[in-house]
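Let's take a walk through this fold together, strand by strand and then outwards. Keep the model open beside you as you read.

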Amino acid sequence: MRRVGKNSFTEVYFAGCNPSFVETSDGIVMIDSPQQPIDAVRWRERLEEKAPIRYLINTEPHLDHISGNAYFPKVEVIGHEKLKECFEDYLYAFGTVEERREAAKETDPDSVWLFGHPDYPPSHPPTTLFGDRMRLPLGNHSFEIIHMPGHTAPQTSVYVPEEGIVFTGDNVFYKCRSWLQECDPWEWLQALDSIRALDAEVIIPGHGEPCGKDYLTRQGEIVENWVGFVERFVERGVSAEEALQQPISVTRQDPYPIGQRLFQYDGMLTEMIVKNLHRRIRERKERAAAQ
Ligand SMILES: [Zn+2]
């Protein structure tokens, strides 16, 4: 657990995202939950020793940000209205609880006993919902919870002016591979501008070390590199499948290594990125032509 502001903390060493929290004078507000169940229960006990946990805000629907919600059964969850709609689709995208428990015998043996544990119903979606933005005052802090679609459709940033910090989820990957497998790249670039406009010195990314605003330019370049790379195939009428037959230099688009035990997804990620961007660029061109 690392202090990143006067009352703000994050954890960059878990397998999964960077779960974070702010300790206000009236309890704790968490941002995302640890992915591995054993990390989630340890995180909860550690936080509860400091102060009661009041809220948990999810920044996106990917499993590495939401599956740990289950281990905070009494905490009110806040999320974008689109996140609520797709919560269970994502939660069970890699299998049922039983299937995940079986898989954990290989990948996460310390957590096996916590999958399907009666104290922890697996689905704990947001029940406090918002559209464009929501302000949450608590104790001596205020939380600006802002919809910033990009990496995913319900993508959310949490800006805490009193701390000079913004928690961006996966609209920022600091010096580790960016996941563009379902993003809208043009919305993502807009989101980076919106983050830049906030009066925050510290950015807590979804993955990688905390950083400053200067990195937003680098993050934007990575998104633009991928779009430019795939656009050349679309313009020549080359399908995504044909493009994937050719050798692809991932490091030319994104120089950073894939991190946090995600090595097994390396090739699959490239395939998903090319397919997603190919479809989105084609659709955008079709829309432009129809106007
Ligand atoms: Zn993530």
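Start with β10 and β11, which pair in the antiparallel sense over 3 bridges. This is a predicted model, so read everything here as computed from the prediction. Look for Val-158: it stands opposite Phe-167 in β11. The two strands make a hairpin with 4 residues between them, and in that hairpin Gly-164 takes a positive phi near 65°.

Now stay with β10 (156-160) for a moment. Is this strand buried or exposed? 5 of its 5 residues are buried, so β10 is largely enclosed by the rest of the structure. In a regular strand, side chains alternate between the two faces of the sheet. Here both faces are covered: Thr-156, Val-158 and Val-160 are buried on one side, and Ser-157 and Tyr-159 are buried on the other. On to another partner of β10: strand β9 (residues 141-147) runs antiparallel to β10 and is joined to it by 4 bridges. One spot to click on is His-147, whose bridge partner in β10 is Thr-156.

Back to β11 (residues 165-173), which is joined to β12 by 5 bridges, with the two strands running parallel. Phe-167 turns up again here, standing opposite Ile-204 in β12. A little further along, Gly-169 has Pro-205 in β12 as its bridge partner. To get from β11 to β12 the chain passes through α5, and this β-α-β crossover is right-handed. As for burial, β11 is mostly covered, with 9 of its 9 residues buried.

The helix in that crossover, α5, lies across β10, β11 and β12, and runs at about 160° to β11. In the loop between β11 and α5 you'll find Lys-175. Its phi is near 50°, a positive value in a residue other than glycine. Most residues other than glycine have a negative phi. Lys-175 counts as partly exposed, because 16 C-beta neighbours sit inside 10 Å, and a residue needs 20 or more to be called buried.

Zoom out to the whole sheet. Which strands make it up, and in what order? There are 5 strands in an open sheet, ordered β8-β9-β10-β11-β12, and the pairing is mixed. At the edges are β8 (133-138) and β12 (202-207), each of which pairs on one side only. From one strand to the next, the twist averages 25°.

Next, the core. The largest nonpolar core has 55 residues, and those with the most contacts inside it are Phe-21, Val-29, Met-30, Ile-57, Val-158, Val-166 and Leu-277. Helix α6 (residues 214-235) gives the most to this core, with 6 residues. In soluble globular proteins, nonpolar side chains tend to be buried together. Val-29 is a good residue to display with its surroundings: beyond its neighbours within four places in sequence, it is in contact with Phe-21, Val-22, Thr-24, Arg-54, Tyr-55, Ile-57, Leu-138 and Phe-143.

Follow the chain on to the loop between β4 (27-31) and α1 (37-50), where Asp-32 lies. Asp-32 has a positive phi of about 65° although it is not a glycine. Is Asp-32 buried or exposed? It is buried, because 30 other C-beta atoms lie within 10 Å.

Leu-277 leads us from the core to α9, where Thr-270, Ile-273, Val-274, Leu-277, His-278 and Ile-281 are buried. An α-helix has 3.6 residues a turn, so residues three or four places apart point the same way. What covers the buried residues of α9 includes α5 (185-196), α6, α7 (240-245) and α8 (250-253). The length of the helix works out too: at 1.5 Å a residue, the 25 residues of α9 (residues 266-290) should span 36 Å, and its end C-alpha atoms are 37 Å apart, which agrees.

One last stop is Val-112, in the loop between α4 (97-107) and β7 (128-130). Leaving aside neighbours within four places in sequence, Val-112 is in contact with Arg-101, Ala-104 and Lys-105. The C-alpha atoms of Val-112 and Arg-101 are separated by 5.6 Å, with the two residues 11 apart along the chain. Val-112 itself is partly exposed, with 18 other C-beta atoms within 10 Å.

Definitions and conventions. Residues are numbered from 1 along each chain as its sequence is written. This is a predicted model: local features need pLDDT of at least 70, side-chain atom pairs count only at pLDDT 80 or more; totals for chains, interfaces and linings use all residues. A nonpolar core is a set of buried Ala, Val, Leu, Ile, Met, Phe, Trp, Tyr and Cys residues joined through C-beta atoms within 7 Å. A residue is buried if 20 or more other C-beta atoms lie within 10 Å of its own, exposed if 12 or fewer, and partly exposed in between; C-beta atoms are placed from the backbone. Two residues are in contact if their C-beta atoms, placed from the backbone, lie within 7 Å. The expected span of a helix is 1.5 Å times one less than its number of residues. Two strands pair if DSSP finds at least two bridges between them. Axes are lines fitted to C-alpha atoms, for helices over the stretch in contact, and angles run from 0 to 180 degrees between N-to-C directions. A crossover is right-handed if, with the strands pointing away from the viewer, the path from the first strand over the helix to the second runs clockwise.
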